[in-house]
Amino acid sequence: MLHVEKLCFNYKKMAIIKDIDIDLHQGQMLSVVGPNGTGKTTLLKCIAGIFTPGKGKIFIDGTDISCMSRMAHARRVGYVPQNLPGKFPITVFDVVLMGRRPHMTWKPSENDLKKVAGVIGALDLEEISMRDFDQLSGGQKQKVLLARAVAQETDYLLLDEPTSNLDLRHQLEVLELIFGMVKERGVAAMLAMHDLNLASRFSDTIVMMHNGRIVCSGNPHQVLTVENIRSVYGVEAVVQQADGHPHILPTRPVYAVG
Ligand SMILES: Nc1ncnc2c1ncn2[C@@H]1O[C@H](COP(=O)(O)OP(=O)(O)OP(=O)(O)O)[C@@H](O)[C@H]1O
């Protein structure tokens with residue numbers, strides 16, 4: 001289980017996330033939603049070990065991540081950023097192979113190469129596998145970064161807006177792939193999501209954040225309510241049911257009177 005306890009993170013003196021408590025179990029898909037700048041990426045980066053929280057603790061199966069080596073952490077937790085900062089003049093194959101790094105000694109084994117080829121095939125990336133990562137479209141890069149995390153074979157997967165650059169078909173394919181890993185292999189996935197309807201359809205649990213705090217968490221029916229969407233997003237919406245999941249139709253922004 002991933003257990004986040006009273007987590008706080010500041011940039012300089014500015015409090016960004018405040019008193020975050022989250023439990024994520026194996027076989028569970030959890031989406032973190034909330035307006036721009038509310039702290040979703042910061043939360044994922046703390047759990048991914050990229051940022052060190054100011055206060056609070058993060059436990060993976062009972063072990064405090066601040067006591068884990070970088071490699072030990074990478075064998076347990078995979079992180080899919082929205083993009084990679086800076087230039088990456090290496091092939092798609094090599095980016096995916098980077099996912100095997102926590103399992104390798106000094107060079108990739110036959111097994112590592114086989115796994116990378118398998119993931120590239122499963123994500124339909126064969127045609128671009130020898131192209132430079134830098135030259136890909138935003139959506140192609142997003143799929144390659146997902147492939148890198150799949151090749152990492154971790155029990156926990158953190159994904160920062162994994163569908164933000166993808167077309168309709170690829171959004172569904174990627175979320176179905178993650179959902180399959182969660183339900184068939186018992187992976188636990190935490191996703192930062194903007195699309196409330198995709199979050200509704202694929203999540204067991206939704207955590208709604210506002211101004212760095214959790215305002216509500218529970219199943220999609222408990223969280224995706226007209227009242228929560230109005231108070232957190234400042235938007236009037238109609239909530240319908242589609243295939244047993246809440247479906248949000250935003251109607252208009254709410255403007256303060258006076
Ligand atoms: N390097 C930085 N220095 C200072 N403040 C930062 C830095 N990076 C992010 N922030 C601030 O931290 C806050 C949270 O940012 P974060 O990226 O975690 O939000 P988010 O919910 O993921 O946003 P979005 O939905 O727009 O991606 C924002 O107010 C942002 O301006």
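**View 1. Helices α3 and α5 help cover helix α4**. The cover over the buried residues of α4 includes α3 (92–98) and α5 (138–152), where contact is taken as C-beta atoms, placed from the backbone, within 7 Å. Helices are DSSP runs (H or I, at least four residues), strands likewise (E, at least two), both numbered from the N terminus. This is a predicted model: local features need pLDDT of at least 70, side-chain atom pairs count only at pLDDT 80 or more, and totals for chains, interfaces and linings use all residues. Residues are numbered from 1 along each chain as its sequence is written.

**View 2. The two sides of α4**. Lys115, Val116, Val119 and Ile120 are the buried residues of α4 (20 or more other C-beta atoms within 10 Å of a residue's own; exposed means 12 or fewer, partly exposed in between, with C-beta atoms placed from the backbone). Seen down the axis of α4, these buried residues fall within an arc of 135 degrees, so they line one face of the helix; the arc is that of the directions from the helix axis to the C-beta atoms. On the other side, the exposed residues are Glu110, Asn111, Lys114, Gly118, Gly121 and Ala122. After α4 comes Asp124, with a positive phi near 60 degrees.

**View 3. The shell around the ligand**. Here are Tyr11, Ile16, Gly34, Asn36, Gly37, Thr38, Gly39, Lys40, Thr41, Thr42 and Ala192, each with its C-beta atom, placed from the backbone, within 6 Å of the ligand. Helix α1 (residues 40–47) gives the largest share, three residues.

Notes
Contact = placed C-beta atoms within 7 Å.
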